[in-house]
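Reader: I would like to go through this model with you. Could you show me the sequence and the coordinates before we begin?

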Amino acid sequence: LGCQAATVIFPSTRTMSDNGSEDGDHMLSVGTYEGERHPDTKERHGFGKAVLPNGDVYEGEYHHNKRHGTGTYRFKNGAKYTGSYVNNLKHGHGVFYYPDGSHYDGEWSEDARSGVGTHTYANGDTYSGHWAAGARDGEGIYTYASSGSRYAGQWAKGKRHGQGELIHANFKFTGFFNEDQPLGSGTYAFSHGCQQGGEYLVDERRESDELPTKVRWHGQGFAPAVSS
């Protein structure tokens with residue numbers, strides 16, 4: 001087969017559980033409580049179970065009235081968190097199950113996904129890598145369940161941003177991404193043994209400035225693929 005240009009679609013990584021209800025369990029409420037208490041202050045201290053007025057349930061460790069240590073928090077909407085707490089906040093390692101069927105297994109910092117973790121989404125997609133402030137940030141791999149395609153590279157604030165590779169069944173693109181889109185120089189390598197270099201440039205032919213920025217590929221000639 002000869003080399004020829006391909007129609008390329010850069011799939012979205014936007015998912016419902018990126019904005020899931022992973023917070024909201026940090027507000028201390030009276031409710032009902034059964035468990036250990038501090039001998040002097042009578043605060044919740046040690047292991048116990050609390051049922052909050054809104055129907056949420058926490059069972060686990062307390063330290064001076066705050067969730068602190070290991071515990072399980074069940075939300076009335078079906079979500080559940082099992083893992084570490086520090087001063088009432090999810091902090092350390094934990095697993096969060098979202099109402100849409102997705103789940104995150106990894107590190108937390110002050111109630112947000114931060115550190116290294118894997119999120120398995122409701123549609124079967126997975127992201128494994130670094131997080132910051134609840135968003136994909138740093139190095140990570142996003143795999144699309146429907147096609148088996150994957151993006152491996154840098155992220156910033158939940159979007160593909162920086163150097164990366166988008167790998168499909170018969171070809172891959174290697175280059176720079178900006179705000180989830182390829183931009184600048186890059187290379188397509190095809191499975192039948194050739195490659196094409198070029199660059200993505202902003203398409204100036206937009207109908208309106210209010211529309212999302214579009215990019216267009218400007219390819220050079222095809223050449224035999226270089227073995228990596």
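Author: What follows is a short discussion of the strands, the core and several loop residues. Please bear in mind that this is a predicted model.

Reader: Understood. How many helices and strands does the protein chain have?

Author: The protein chain has 0 helices and 16 strands.

Reader: What share of the residues is buried?

Author: Of the 228 residues in the protein chain, 36% count as buried. The chain exposes about 12500 Å², and carbon and sulfur atoms supply 51% of that area.

Reader: And the contacts: what percentage join residues at least 24 apart?

Author: Among contacts between residues at least 6 apart in sequence, the figure is 22%.

Reader: Let us turn to the interior. Which residues have the most contacts inside the largest nonpolar core?

Author: They are Tyr73, Phe96, Trp108, Tyr127, Tyr142 and Tyr188, in a core of 29 residues. At least two core residues come from each of several strands, including S3 (57-63), S7 (103-109), S11 (150-156) and S14 (181-190). The largest share, 3 residues, is supplied by S13.

Reader: Now the N-terminal strands. How many bridges join S1 to S2?

Author: There are 5 bridges between S1 (residues 32-37) and S2, and the two strands run antiparallel. Thr32 has Val51 of S2 as its bridge partner.

Reader: What is the bridge partner of Val51 in S3?

Author: In S3 the partner is Val57. S2 and S3 are also antiparallel, with 6 bridges between them.

Reader: Which residues take a positive phi in those two hairpins?

Author: In the hairpin of S1 and S2, with 6 residues between the strands, Lys42 has a positive phi near 65°. In the hairpin of S2 and S3, with 5 residues between the strands, Gly55 has a positive phi near 100°.

Reader: Where is Pro53 found, and is it buried or exposed?

Author: Pro53 is in the loop between S2 (44-51) and S3. Pro53 counts as exposed because its relative accessibility is 64%, and the cut-off for exposed is over 50%. Its C-alpha atom is separated by 8.0 Å from that of Thr32, 21 residues apart along the chain.

Reader: Back to backbone angles. What is the phi of Lys157?

Author: Lys157 has a positive phi of about 55°, although it is not a glycine. As background, most residues other than glycine have a negative phi. Lys157 lies in the loop between S11 and S12 (159-167), and it is exposed at 74% relative accessible area.

Reader: What about Asp180: buried or exposed?

Author: Asp180 is buried, because its relative accessible area of 17% falls under the 20% cut-off. This residue is in the loop between S13 and S14. Asp180 is not a glycine either, and it has a positive phi of about 80°.

Reader: One last site. Where is Lys214 found?

Author: Lys214 is in the loop between S15 (194-202) and S16 (215-224). With a relative accessible area of 52%, Lys214 is exposed.

Reader: How far is the C-alpha atom of Lys214 from that of Leu201?

Author: The two C-alpha atoms are separated by 8.5 Å, and the residues are 13 apart along the chain.

Terms used
Residues numbered from 1 in each chain as written. Predicted model: local features only at pLDDT ≥ 70, side-chain atom pairs only at ≥ 80, totals over all residues. Heavy atoms only, no water. Helix = DSSP H or I, 4+ residues; strand = E, 2+ residues; numbered from the N terminus. Buried < 20%, exposed > 50% of the residue type's maximum accessible area, 1.4 Å probe, protein only. Core = buried A, V, L, I, M, F, W, Y, C linked by side-chain atoms within 4.5 Å. Pairing = 2+ DSSP bridges. Contact = heavy atoms within 4.5 Å. Areas by Shrake-Rupley, 256 points an atom, 1.4 Å probe, with all protein chains shown as cover.
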